[in-house]
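Student: Got a minute to go through this one with me? I'd like to start with the charged pairs.

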Amino acid sequence: MKDKLISAHRSIQQKFPFIARIAITLYDAETRILKTYLDSSGEDKPLLHYQSPLENAPSLQTILDKGLPRVINNLVTFEKGTHEHTQRIGRQGYAASYTMPIFHAGDFVGFLFFNSYQSDVFTEQVLNVLDIFGHLISLMIINELAIFKVMNAALKTTSHITHLRDPETGSHLDRMSRYSRLIAESLVTKYELDDVYIERIFMFSPLHDIGKISIPDSILLKPGPLNEEERSIMNTHARKGREIIDDIAANFGFDCISSIDILKNIAEFHHEAVNGSGYPTGRKSEEIPLEARIVAVADVFDALTSQRPYKNAWSNEKAFDTLRQIAGEKLDIDCVNALIANQQKIELIQKQFKENIY
């Protein structure tokens, strides 16, 4: 999709060379958060890895309320704005912008932005042509998201069957997927991660235990500790998860999606340990895909801080202490430190997706 957006940008620049940047943000309806997703701006990345509540962007909220595009032909006052995103755009030096809301089947998807370093360029004549390009780009985005939506629907249906039998709750999946996103966001510089990768981590992490559908009830629902034979059977869920995803991807034609490997790696390798003592393959350190290392930390942390029939919820600080103790042995140190560095955001996630023990 990144390549398609860059290609579209080049085509637009042939007619309108003053278009310096095209960018797309996505909207998370559950949290009302806008998240940067794709851009075509080369080295100009004023809002890389940025997210903000929609209510913190009243001008964008107005666009959404009206359902109509917005033109600003002079952005000289943006750096003096009170919100971080307006200040960043202002510091970048953009002089004009055109913003289109993206809708699909009546649902708000996100925003499409065209930016220019020249002011007063978005004339009526320009907008008549740019609207066509904008709708084509929006359709590309919607089509890509639709593919992932269908894929997620197929996988989540299977996963839902698993969780009807598994004592873990939907709130656990809501929290750990957002913890996974926090970790990924904190590692963007070291691992040179882009916003698409971060979004895939958020999207795919709830499917980490899809392989548990293959585990017998006598083991999956056993109230006490598992014996050695039962533990061996339980551990097969990682490999089974990969096989289930392979099967669904083949049947639905999802193998053409480049980031499907992120999902496969999460399902198969999230129980690997950095010292090689994990399963199913005994991989060590960076042999374990980063996405699996990220999800492992998020999953363990939420398991420790959640109430279960056999244990009380731990405090965040007690859980952090345990993560520190096993960092470098079981869990990736960078991922552990990244999570612990976001304590305030963790508390907000826990408050919003609070466990309902009933």
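Student: What do the side chains of glutamate 55 and arginine 32 do?

Tutor: They meet in a salt bridge, 3.6 Å from N to O. A salt bridge here is a side-chain nitrogen of Lys or Arg within 4 Å of a carboxyl oxygen of Asp or Glu. Glutamate 55 lies in the loop between β3 (51–53) and α2 (58–66) and arginine 32 in the loop between β1 (19–28) and β2 (33–39), so the pair ties together parts that are 23 residues apart in sequence. Helices (H or I, at least four residues) and strands (E, at least two) are DSSP runs, numbered from the N terminus.

Student: And what is this model, before I trust any distances?

Tutor: It's a predicted model: local features need pLDDT of at least 70, side-chain atom pairs count only at pLDDT 80 or more, and totals for chains, interfaces and linings use all residues. Residues are numbered from 1 along each chain as its sequence is written, and side-chain values use heavy atoms, with hydrogens and water left out.

Student: How many salt bridges does a search of the whole structure find?

Tutor: It finds 18. One of the pairs is glutamate 185 with arginine 181, where the closest N and O atoms are 3.1 Å apart. Those two sit four residues apart in helix α5 (residues 170–186), which means about one helical turn between them.

Student: Are glutamate 185 and arginine 181 buried or exposed?

Tutor: Both glutamate 185 and arginine 181 are buried. Buried means under 20% relative accessible area, exposed over 50%, and partly exposed in between (1.4 Å probe, protein chains only).

Student: What about aspartate 299, what's the nearest side chain of opposite charge?

Tutor: That's lysine 212, 6.8 Å away, and aspartate 299 has no salt bridge although it is buried. For charge, Lys and Arg count as positive and Asp and Glu as negative, while His and the chain ends are not counted. Aspartate 299 belongs to helix α12 (residues 290–304).

Student: So which side chain does aspartate 299 make a polar contact with?

Tutor: Histidine 208, at 3.4 Å. A polar contact is a pair of N or O atoms within 3.5 Å; within protein, one must be able to donate a hydrogen and the other to accept it, and residues adjacent in sequence count only if both atoms are side-chain atoms.

Student: New topic: where is serine 277?

Tutor: In the loop between α11 (260–269) and α12. The serine 277 side chain has polar contacts with those of asparagine 275 (2.6 Å) and lysine 330 (2.9 Å).
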